[in-house]
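Notebook open, model loaded. I want to go through the core, a few odd backbone spots, the rings and the pocket, one entry at a time.

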Amino acid sequence: MQQLKVKELFNLKNTIAAGLFDDVEYPYEVLSMIHNYISWLGKGLSPDLFEKRGEDIWVAKTAVVAPSACLNGPLIIDERAEIRHCAFIRGNAIVGKNAVVGNSTELKNVVLFDGVQVPHYNYVGDSILGYKAHMGAGSITSNVKSDKSLIEISVGNDKVKTGLKKMGAILGDEVEVGCGTILNPGTVVGPHTNIYPLSSVRGYVKGYSIYKRQGEVVDRH
């Protein structure tokens, strides 16, 4: 499925985790690799730029972390990122340069590319958010199906088997997600797409489009 390939969704120049995607074709393949990759990458980070906190947490010295934020490793927070009041990072997370993780936002097993904003009451689990992707207040990823079956990605009339029980959403570069939206398990949104507020999104949404509601997707051009 061409639409789901890493190169169709992201510019890998915009993440410290570019090497994570070296040997995969589809981004969901890296979800099981994040833990070990952070442990490996963290050991090579410059102590001039990063402070090591505990066994497996690396925080850039230019990052701003609120005292009330909860940080669990493995975790890398890159330069100039902002972790705000009561953010909860459960571990297996890479937070990119200039990213914002906001009030009461929860992260788990994620890669946030540079410039990502999840600033208000967001849950992001088992997901990858591309460069400057933004999730509006209260928008969340749902990462497990109600029947606990393995997740498939719907692309038109086709189904792509991921082999994963847990997968939230994959957002391409510069995706805008409106407030109160639910991104159902296995959602993939192509780059430069806008999702209307209060949407319930599933399957593949093409890039450079506007998602109004299920079945109504229009080109932005």
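Before the loops, a note to self: helices and strands here are DSSP runs, with at least two residues of E for a strand, numbered from the N terminus. The model is predicted, so I kept to local features with pLDDT of at least 70.

**Entry: odd phi values**

I looked up C86 first. C86 sits in the loop between strand 6 (82–83) and strand 7 (88–89). Its phi is near 65°, which is positive, and C86 is not a glycine. Buried or exposed, or in between, for C86? C86 counts as partly exposed because its relative accessibility is 34%.

H192 went down next. The phi of H192 is about 60°, again positive in a residue that is not a glycine. I found H192 in the loop between strand 20 (187–189) and strand 21 (194–195). With 22% relative accessibility, H192 is partly exposed; the cut-off for buried is under 20%.

**Entry: a cis bond**

Which peptide bond did I note as cis? The one running from G73 to P74, with omega near 0°. P74 belongs to the loop between strand 4 (70–71) and strand 5 (75–77).

**Entry: the core and A81**

I pulled up the largest nonpolar core, which has 68 residues. Which members touch the most others? V95 and L171 do. I then listed what V95 contacts once neighbours within four places in sequence are set aside: L75, I76, I77, D78, A81, I83, I89, V101, L107 and L112.

A81 is on that list for V95, so I followed it up. A81 lies in the loop between strand 5 and strand 6. Even in a loop, A81 is buried, at 1% relative accessible area. Beyond four places in sequence, A81 is in contact with A63, V64, V95, G96, N98 and A99. I also checked A81 against L49: they are 32 residues apart in sequence, and their C-alpha atoms are 13 Å apart.

**Entry: V175**

V175 is in the loop between strand 17 (169–171) and strand 18. Why do I call V175 buried? Because its relative accessibility is 0%, and anything under 20% counts as buried. Leaving out residues up to four places away, V175 touches K132, A133, H134, V189, G190, P191, H192 and T193. H192 from my phi entry is among them. I put a distance on one partner as well: V175 and G190 are 15 residues apart along the chain, with C-alpha atoms separated by 7.5 Å.

**Entry: T181**

T181 is another loop residue, placed between strand 18 (176–177) and strand 19 (182–183). T181 is buried at 0% relative accessibility. What does the side chain of T181 reach? The backbone nitrogen of L198, at 3.5 Å. A polar atom of the T181 side chain also lies 3.0 Å from the backbone oxygen of G178. Setting aside neighbours within four places, I wrote down the contacts of T181 as G138, S139, I140, I195, Y196, P197, L198, S199 and V201.

**Entry: rings**

How many aromatic pairs turn up in the whole structure? Five. One of them is Y37 with W40: ring centres 5.6 Å apart and planes at 45°, so I filed the pair as tilted. Both residues are in helix 2 (residues 34–43), and being three residues apart puts about one helical turn between them. Y37 is buried, with a relative accessible area of 12%, whereas W40 is exposed at 59%. I also noted a cluster in which ring pairs link F10, F21 and F113.

**Entry: the pocket**

Last look of the day. The largest pocket holds about 380 Å³ of space. Its lining has 20 residues, and S154, R202, G203, Y204 and Q214 are the closest to its centre. Which strands each supply at least two residues of the lining? Strand 15 (151–155) and strand 23 (204–205). Strand 15 has the largest share, with five residues.

Terms used
Residues are numbered from 1 along each chain as its sequence is written. This is a predicted model: local features need pLDDT of at least 70, side-chain atom pairs count only at pLDDT 80 or more; totals for chains, interfaces and linings use all residues. Side-chain values use heavy atoms; hydrogens and water are left out. A nonpolar core is a set of buried Ala, Val, Leu, Ile, Met, Phe, Trp, Tyr and Cys residues joined through side-chain atoms within 4.5 Å. Buried means under 20% relative accessible area, exposed over 50%, partly exposed in between (1.4 Å probe, protein chains only). Contact means heavy atoms within 4.5 Å. Helices (H or I, at least four residues) and strands (E, at least two) are DSSP runs, numbered from the N terminus. A polar contact is a pair of N or O atoms within 3.5 Å; within protein, one must be able to donate a hydrogen and the other to accept it, and residues adjacent in sequence count only if both atoms are side-chain atoms. Rings of Phe, Tyr and Trp (its six-membered ring) pair if their centres lie within 6.5 Å; planes under 30 degrees apart count as stacked, over 60 as edge-to-face and the rest as tilted. On a 1 Å grid over the protein atoms alone, a cavity is a set of points where a 1.4 Å probe fits but cannot get out, and a pocket is an open set with protein on both sides within 12 Å along at least five of seven lines; lining residues have an atom within 4 Å of a point. Grid points are joined across faces, edges and corners, and a volume is the space filled by probe spheres set on the points.
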